[in-house]
Amino acid sequence: MSTRTNDEIRADRLAKAGQVLTALLAVTAYAVAWLIKRSWRRLLPAYWVAAELAVAWVAGPLGLSWQTVGILTLAITATAACWQARSRTVRAWRAAIAVVLGGAAVATVAGGGPAAMAAHPTLTIAVPTALGAVLGWPWWHHLRHLAPPAAPEPVVIDEPVDVVDPLTAHWEQRWQHEVVGQGVCAGTSLVKAVEPRPGITEALVRLAPGTKPGPLFKSGVDVEVALDLNEGAVGWRSTGKRAWLRVVLVENSYIATGVPWTGPTYNNGRFEIARFADGSPGDWVASRPKYGVLGGLVVGSTGAGKSRALGALIANLLAGGVQVAVGDPQNGQSLPAWRDAVEYHPGIEKTTLLARRAHSEIMRRSQLLADAGVEAFDENDPRVKALGLSRFIMIIDECQLILIPNTPIVALVEQSAETMRKTGFGIVLATQLPQMRSLGGSVRLRDALVAGNALVLRLSNRGSGTTILPDDFVGDPFALQPEIDGKSTAGMGYLRHSNRVGMLCRVPNLDEAAAAAAAPRVPVRWNVPEVDPKSPIVLPGHRAPAKAATTAGGGSAVDRLRAAFGGGGGRKATTVVEQDTPLTPAEWVLACLRRGPASAQALLDRPDCPVNQSQLYALLGRLKDTGRITPPAQRGGPFTISA
């Protein structure tokens, strides 16, 4: 029998204790590894607890107040509640953790921060840790791994399954890989495709939740590049539903060789003024039943077919029995073929008088219709027939010659365009220069006209200043060359109206002289007299400017006696002469804001803006500090004159 010393016994016990400790550490490490690997999401609240303790500890050294920590808690709660998750229950769970632990952090900071944690560790450390453990175990695991609903048993159907349309399958695959796969039209899917004519495909596109159709209308060029189609070969058409859009894909254009003129196509206020690339008619909407008369804007460089488009417009209007008056500031050079077919006003002075008379006609019609109880002009309304009113369209070519910026005629035409629709009177302006200066710098005038129709033909020069094109205009008329493949692009452009935008079109090849000779003669009836050329331009609600006083017609009684008896004496007759001094930048800003509220960008986009961007913002700041103007409620909003 062997005996062991005390040292041997201790060594043996230490060896066994080491083995047990090693086994315990191995089991613990394995358990922790399994826990992190299998259900690490259950430990997520541990990070929230650590963050709460860290915020409460550093609040003292950093000098954070409990109000600041409260605001931070509210922000974290809102983020946790709004962040995308599988269900609303998960969002509520995350928000609950943020509220509970955030409230603990606010209370700890309010109680003294690190000092409170040292004095009351149970309330400030142990309690939040226990709350985090309760909130995090095991609810997160169950919320993340809910059992899926039981799938219904398959039902045997005797009828054969519908076969997917090959054309739809073809374009669905191309749309998904060549368009959406390239980052174009994200959030869309092609669900149906038809081929109404060879080379033309009309597809129905479904929008994903949160996808807005506005940017898609402008993506025609990107779709053309993705599908390797010609320019202007993609057009978007609204279906009246937000979640569905129709797109037209043109592989064979029908307008490359021109469009023949086959006569007027007027039908219930609409008529064809151009032909789209897919062969469908491009309608100009002149009027709508119980809605009124619409105006429009025609833009095109020299030789782009603008006169041809106006000729097709006039021919269709006359065929529909519409009264037409034409203003030609170029003394009869713009539309000479229609001189004897419509009421014609050549020259700048006569065109200006026509615009002034049109304003008076609109105001007179507005009064007559209001007295008769008519809300919107409708030619078939018995009350409108009793007044003897019919549709009236005024067309002014080369409008930039009379719409000079900062002149009263601009404000007059602007007011006419804004109030014309319900009176049955429409205004159509045409110009060569794609600049806002062509419309007198009036954005409101442009918006009022393009709300009806906009035909933008080939443009050669972008010019300077703000473009005349609508903000939501699609297509690039500046990219059209004078010739494509040896064929002229005269008459090619883009037509915009309410339900179809963004596709290339061409105006018919019109023989204006023959069309004018064959057009019916529609007599023009005015309800207001002609305008006296010497009378000043006065807008409704404004006073006429005071006349200059002279010794012949005014002055004192002594001056009138001297003038009557011819006794001028040594005193000479004086005449008051008004001198036009240039406006300072501050006066210019105030004058613009008196016409109506305007944002800083709108002021900067005006062609007559006398300062650059930095100077304008500095000037607006000074006027705001002095209380002369009121700043916008939100960034980018309009400035107004202070009351």
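Analyst: A nonpolar core is a set of buried Ala, Val, Leu, Ile, Met, Phe, Trp, Tyr and Cys residues joined through side-chain atoms within 4.5 Å, where buried means under 20% relative accessible area, exposed over 50%, and partly exposed in between (1.4 Å probe, protein chains only). The model here is predicted, and for local features a pLDDT of at least 70 is needed, with side-chain atom pairs counted only at pLDDT 80 or more, while totals for chains, interfaces and linings use all residues. Residues are numbered from 1 along each chain as its sequence is written, and side-chain values use heavy atoms, with hydrogens and water left out.

User: Which residues have the most contacts inside the largest nonpolar core?

Analyst: In soluble globular proteins, nonpolar side chains tend to be buried together. In this model the largest core has 112 residues, and Trp 175, Trp 338, Ile 395, Leu 429 and Leu 455 are those with the most contacts inside it. Helix H11 (residues 306-319) gives the largest share of this core, 8 residues; helices (H or I, at least four residues) and strands (E, at least two) are DSSP runs, numbered from the N terminus. Apart from this core lies another, of 17 residues, among them Cys 592, Leu 603, Leu 616 and Phe 639.

User: What is Trp 338 in contact with?

Analyst: Contact means heavy atoms within 4.5 Å. Once neighbours within four places in sequence are left aside, the partners of Trp 338 include Gly 311, Ile 314, Ala 315 and Leu 318, as well as Tyr 344 and Glu 512.

User: Leu 455 was also named, so which strands pair with its strand, S14?

Analyst: Two strands pair if DSSP finds at least two bridges between them. Strand S14 (residues 454-457) pairs with strand S9 (residues 296-299) in the parallel sense over 3 bridges, and with strand S17 (residues 492-496) in the antiparallel sense over 4 bridges. Val 456 is the bridge partner of Val 299, and Val 456 also stands opposite Tyr 494 in S17. Both faces of S14 are covered, with Ala 454 and Val 456 buried on one side and Leu 455 and Leu 457 buried on the other.

User: How many salt bridges are there, and where is the pair of Arg 197 and Asp 278 placed?

Analyst: A salt bridge is a side-chain nitrogen of Lys or Arg within 4 Å of a carboxyl oxygen of Asp or Glu, and the count comes to 14. In the bridge between Arg 197 and Asp 278, the closest N and O atoms are 3.9 Å apart. The pair links distant parts of the chain, since Arg 197 is in strand S1 (residues 188-197) and Asp 278 in the loop between strand S5 (270-276) and strand S6 (281-285), 81 residues apart. Arg 197 counts as partly exposed because its relative accessibility is 28%, whereas Asp 278, at 0%, counts as buried.

User: Are Glu 398 and Lys 306 buried or exposed?

Analyst: Glu 398 and Lys 306 are both buried, and their side chains meet in a salt bridge (3.4 Å, N to O). Glu 398 lies in the loop between strand S12 (392-396) and helix H14 (408-419), 92 residues from Lys 306 in helix H11. A network of salt bridges links Lys 306, Asp 397 and Glu 398.

User: How far apart are Arg 10 and Asp 7 in helix H1?

Analyst: Arg 10 and Asp 7 are 3 residues apart in helix H1 (residues 6-39), so about one helical turn separates them. Their salt bridge has its closest N and O atoms 3.2 Å apart, and Asp 7 is exposed, with a relative accessible area of 57%.
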